[in-house]
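This report looks at the empty spaces in one protein chain and at a few residues of interest. Please look at the sequence and the structure before reading on.

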Amino acid sequence: MYNSEIENMPLEKLRDLQNARLSSMVKRLYSDVPFYKNQFDNIGLSHNDIKSVDDLYLIPFTKKADLRANYPFKMFAKPMDQIRRIHASSGTTGKSTVVGYTQNDLDIFDEVTARSLYCGGARKGMKLHNAYGYGLFTGGLGIHGGATKLGMAVIPVSGGITERQLTILQDFKPEVICCTPSYAQTLSDELIKNGINPKDLALKYAVLGAEPWTEVIRNQVEDGLDVKATNIYGLSEIIGPGVSQEDVEERGTGCYIWEDHFYPEVVDRDTGVPLPYGEEGVLVITTLTKEAFPLLRYWTNDICSINYDKNAKRTHIKMSAIKGRSDDMLIIRGVNLFHTQVEEVIYQIEGLSPNYRLVVDKKGAMDCVTLEVETAPGMEKDNLDFIKAIGMKMKNTIGITMDIDLKPHLSIPRSQGGKLSRILDKRSSVY
Ligand code: ADP
């Protein structure tokens with residue numbers, strides 16, 4: 001464990017720490033950020049009412065729209081002379097949100113990413129191939145800082161220029177790679193295309209995140225790169241990557257949320273009411289230690305559940321893999337659909353590869369979905385019985401009738417280095 005005193009802190013002690021941090025954070029926010037002062041005053045809430053995490057439900061959510069309304073710096077809780085770095089979200093769902101860090105925030109960022117990398121198998125003395133994008137996106141520099149703190153030799157490759165990535169993997173022999181799961185798929189395809197045996201590389205661990213992924217992609221990446229692949233989750237608004245991380249020996253059981261810095265709740269998507277552990281809803285996070293850009297009850301829009309795992313190595317709560325963003329959910333003829341659900345079904349069908357895209361369009365007044373999916377090597381793509389069987393399996397599992405369009409290997413767009421959208425929605429351009 002990177003920081004066993006914290007990662008294994010008894011729950012009661014962890015709660016005391018969270019409560020103390022929360023009440024001082026709320027006082028600070030009330031006096032230093034006009035947005036929060038107004039939010040409290042508008043509903044007659046005093047900062048003294050928030051004594052523990054159990055009182056959080058009294059505070060309204062902070063949403064992405066609030067951050068956009070305060071663009072670029074009005075949510076900052078420290079003056080610019082104390083800010084040491086500014087990042088922005090990738091802007092996947094619209095205008096980017098801007099976030100700032102004091103030196104102390106950057107130290108915390110290093111701490112949680114170092115913890116996360118260790119949890120994913122990385123160790124001091126190993127080399128890290130960091131293929132997350134460097135720049136305004138928090139991925140590249142965030143992971144870079146944590147790896148340096150952990151004592152790794154960082155290779156700041158950044159995303160893209162795949163040919164160069166292959167050369168570095170072969171010549172520099174890094175043991176750990178960080179990138180998006182879809183880019184790890186691209187790299188694994190390219191190894192095959194170039195006749196490179198992954199066993200001739202030194203890679204052992206892949207720490208992957210920034211977009212939703214499921215076991216089918218884990219399998220492909222683990223085989224294709226000859227690694228153990230773990231999930232890292234985060235968002236710029238909260239800090240960047242390293243909000244939570246899966247342990248390499250506990251793969252498939254969820255990601256530890258570093259609760260000494262980030263307090264999680266899961267709430268009902270429609271009513272905002274906090275849900276019991278284990279129930280799926282929107283993840284809401286309160287930062288407990290951030291100085292420049294603290295947030296109370298930030299509505300991440302990401303769908304998951306949280307729960308304590310009694311068999312786990314650490315005491316901190318775990319979150320399930322993200323099913324998707326609330327606003328990425330498709331509603332097809334009244335049925336809700338996340339692309340990860342389709343991915344999970346692909347996992348169960350022999351003969352398909354996890355390279356796919358959902359194309360949404362209108363047929364007359366009706367919404368319709370086509371699943372474009374590549375067949376595994378050697379599989380015939382015009383086999384009508386196979387196509388029919390896939391359609392049936394999707395209908396029976398997800399409840400949606402979809403057209404199936406089998407595609408040859410490498411014909412569906414791949415990640416060029418960053419996040420990959422697996423949905424092509426043609427409806428808005430048609431109507
Ligand atoms: P943007 O919201 O513009 O993409 P960020 O680059 O900050 O900005 O990305 C954060 C978002 O990326 C998260 O809110 C979540 O939707 C997604 N994300 C990050 N890590 C993961 C992960 N491990 N699994 C699923 N989704 C993730």
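In which strand does Tyr233 lie? Tyr233 is part of strand S7. The model is a predicted one. With a relative accessible area of 8%, Tyr233 falls under the 20% limit, so Tyr233 counts as buried. Leaving out neighbours within four places in sequence, Tyr233 has contacts that include Gly240, Pro241, Gly242, Val243 and Ser244. Further along the chain, Leu283, Ile285, Thr300, Asp302, Met319 and Ile322 are also among the residues in contact with Tyr233. Asn307 is 74 residues from Tyr233 along the chain, and 16 Å separates the C-alpha atoms of the two.

**Two more buried residues**

Gln245 belongs to strand S8. The relative accessible area of Gln245 is 0%, so Gln245 is buried. The side chain of Gln245 forms a polar contact of 3.0 Å with the side chain of Thr230. Apart from residues up to four places away in sequence, Gln245 touches several others, including Ser116, Cys119, Val207, Asn231, Tyr256 and Trp258.

Arg115 is found in helix H5, which covers residues 103-119. Is Arg115 buried or exposed? Arg115 has a relative accessible area of 1% and is therefore buried. A polar contact of 2.8 Å links the side chain of Arg115 to the side chain of Asp260. Among the other residues that Arg115 touches are Tyr2, Asn3, Ile6, Glu7 and His316.

**Pockets and a cavity**

Rolling a probe the size of a water molecule over the atoms shows where empty space is left. The table gives the volume and the classes of lining residues for three such spaces.

| Space | Volume | Nonpolar lining | Polar lining | Charged lining |
|---|---|---|---|---|
| Largest pocket | about 930 Å³ | 19 residues | 18 residues | 10 residues |
| Second largest pocket | about 360 Å³ | 7 residues | 7 residues | 6 residues |
| Largest cavity | about 40 Å³ | 4 residues | 4 residues | 2 residues |

The lining of the largest pocket has 47 residues, and those nearest its centre are Thr92, Ala210, Pro212, Arg325 and Lys419. Elements that give two or more residues to this lining include helix H4 (64-69), helix H6 (138-150), strand S7 (228-235) and strand S8 (240-246). Strand S12 (298-304) and strand S15 (324-325) are also among them. Why does the largest pocket lie between domain 1 (1-325) and domain 2 (329-429)? The pocket lies between them because both domains give residues to its lining.

The second largest pocket is lined by 20 residues. Trp213, Thr214, Ser320, Ala321 and Glu344 are the closest to its centre. Domain 1 and domain 2 each provide at least three residues of this lining. At least two residues come from each of helix H9 (215-225), S12 and helix H10 (339-348). The largest share, 3 residues, is supplied by H10.

H10 is mostly covered, since 7 of its 10 residues are buried. The buried residues are His339, Thr340, Gln341, Val342, Glu343, Val345 and Ile346. They pack against several elements, including H9, strand S19 (366-375) and helix H11 (384-398).

How many cavities of 30 Å³ or more are counted? The count comes to 1. Ser182, Gln185, Asn355, Tyr356 and Ile412 are among the residues that line the largest cavity. Pro413, Arg414, Ser415, Leu420 and Arg422 also belong to its lining. Helix H8 (181-193) and strand S18 (352-363) each give at least two residues to this lining.

**Backbone exceptions**

Most residues other than glycine have a negative phi, and most peptide bonds are trans. The bond between Tyr71 and Pro72 is a cis peptide bond, with omega about -10 degrees. Pro72 sits in the loop between H4 and strand S1 (85-88).

Asp226 is not a glycine, yet its phi is positive, at about 55 degrees. Asp226 is in the loop between H9 and S7. Its relative accessibility is 32%, so Asp226 counts as partly exposed.

Arg333, also a residue other than glycine, has a positive phi near 45 degrees. The loop that holds Arg333 runs between strand S16 (330-332) and S17. Arg333 has a relative accessible area of 36% and is therefore partly exposed.

Terms used: Residues are numbered from 1 along each chain as its sequence is written. This is a predicted model: local features need pLDDT of at least 70, side-chain atom pairs count only at pLDDT 80 or more; totals for chains, interfaces and linings use all residues. Side-chain values use heavy atoms; hydrogens and water are left out. On a 1 Å grid over the protein atoms alone, a cavity is a set of points where a 1.4 Å probe fits but cannot get out, and a pocket is an open set with protein on both sides within 12 Å along at least five of seven lines; lining residues have an atom within 4 Å of a point. Grid points are joined across faces, edges and corners, and a volume is the space filled by probe spheres set on the points. Helices (H or I, at least four residues) and strands (E, at least two) are DSSP runs, numbered from the N terminus. Ala, Val, Leu, Ile, Met, Phe, Trp, Tyr, Cys and Pro count as nonpolar, Asp, Glu, Lys and Arg as charged, and the others, Gly among them, as polar. Domain bounds come from an automatic or database domain assignment. Buried means under 20% relative accessible area, exposed over 50%, partly exposed in between (1.4 Å probe, protein chains only). A polar contact is a pair of N or O atoms within 3.5 Å; within protein, one must be able to donate a hydrogen and the other to accept it, and residues adjacent in sequence count only if both atoms are side-chain atoms. Contact means heavy atoms within 4.5 Å.
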